[in-house]
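Open the model in your viewer and have the selection tool ready. We will go stop by stop.

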Amino acid sequence: MSLKVLCLHGCCQNGEAIAHYMKNLIKICESLANIDFVFLDAQYDHSVKGRHWFPEQLEIEKIGKIAISDVTWGPTLDYVEEAITTQQPDVVIGFSQGANVLDTYLSKKDSYGIKRAVLFSGYSLMDDERKPRDLPVLVVHGTNDEVVPFELYPRYPHTRLIEHTKGHALPSSKPVLREIAKFIVGV
């Protein structure tokens, strides 16, 4: 039996880019389990490069100040929900804006059998009506992230936090990647 992982990239990226950034983590995961990674492309073209998740392009200086009511999130969450119901992943991963989309999805929609989530360099939209999730969530965030400040990382009842010093990026230390891989695989 194979474990399926659905991955959401950051703003100005695409599925191919996040697959490239995750290549060392993927190798470690594949050494631990039979695993299938699926990389979802966001549905909107970005004016600079790559793609982005919400109809309006992200203004970096507004991260941490954006209320859920300020974002047209319905079509994006419907798009992600279709991917989740079609792919039926065991684990979902998001990086940066992809982590924000995943965090918003988890706070608004059903989890459809998702067993674990990993949020890299993510943040939450300001929202007083978040659904509490009893789902193991691994948050991986740079303490010196200049794009998404460390204090904005999403919090869940069962949050496990891994801090690193790589800024707004995935960590590269093999011991840290091994720890993340073990969480993904569930060992």
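Select Gly-10, Cys-11, Cys-12, Gln-13, His-46, Leu-58, Ile-60, Ile-63, Phe-95, Ser-96, Val-147 and His-168: they line the second largest pocket. Bear in mind that this is a predicted model. The pocket you have selected, the second largest, has a volume of about 190 Å³. Colour its lining by type. You get seven nonpolar residues, five polar and no charged.

Keep Phe-95 from that lining selected. Which residue stands opposite Phe-95 in β6? Phe-120 does. Now show strand β5, residues 91–95, beside β6. The two run parallel, joined by five bridges.

Next, add helix α4, residues 97–108. Together, β5, α4 and β6 make a right-handed β-α-β unit.

Zoom in on strand β6, residues 116–120. Show its side chains. Arg-116, Val-118 and Phe-120 point one way, while Ala-117 and Leu-119 point the other way. Are these residues buried or exposed? All are buried. Buried here means under 20% relative accessible area. With five of its five residues buried, β6 is largely enclosed by the rest of the structure.

Move on to strand β7, residues 137–142. Four bridges join β6 to β7, and these strands run parallel. Pick out Ala-117 in β6: Val-137 in β7 stands opposite.

Last stop: the largest pocket, with a volume of about 280 Å³. Its lining has 17 residues. Select Glu-56, Gln-57, Ile-66, Asp-70 and Val-71, which lie nearest its centre. Colour the whole lining by type: eight residues are nonpolar, four polar and five charged.

Technical notes. Residues numbered from 1 in each chain as written. Predicted model: local features only at pLDDT ≥ 70, side-chain atom pairs only at ≥ 80, totals over all residues. Heavy atoms only, no water. Buried < 20%, exposed > 50% of the residue type's maximum accessible area, 1.4 Å probe, protein only. Pairing = 2+ DSSP bridges. Right-handed = clockwise from strand over helix to strand, strands pointing away. 1 Å grid on protein atoms, 1.4 Å probe; cavity = no way out; pocket = protein on both sides within 12 Å on 5 of 7 lines; lining within 4 Å. Points joined across faces, edges and corners; volume = space filled by probe spheres on them. Nonpolar A, V, L, I, M, F, W, Y, C, P; charged D, E, K, R; others polar.
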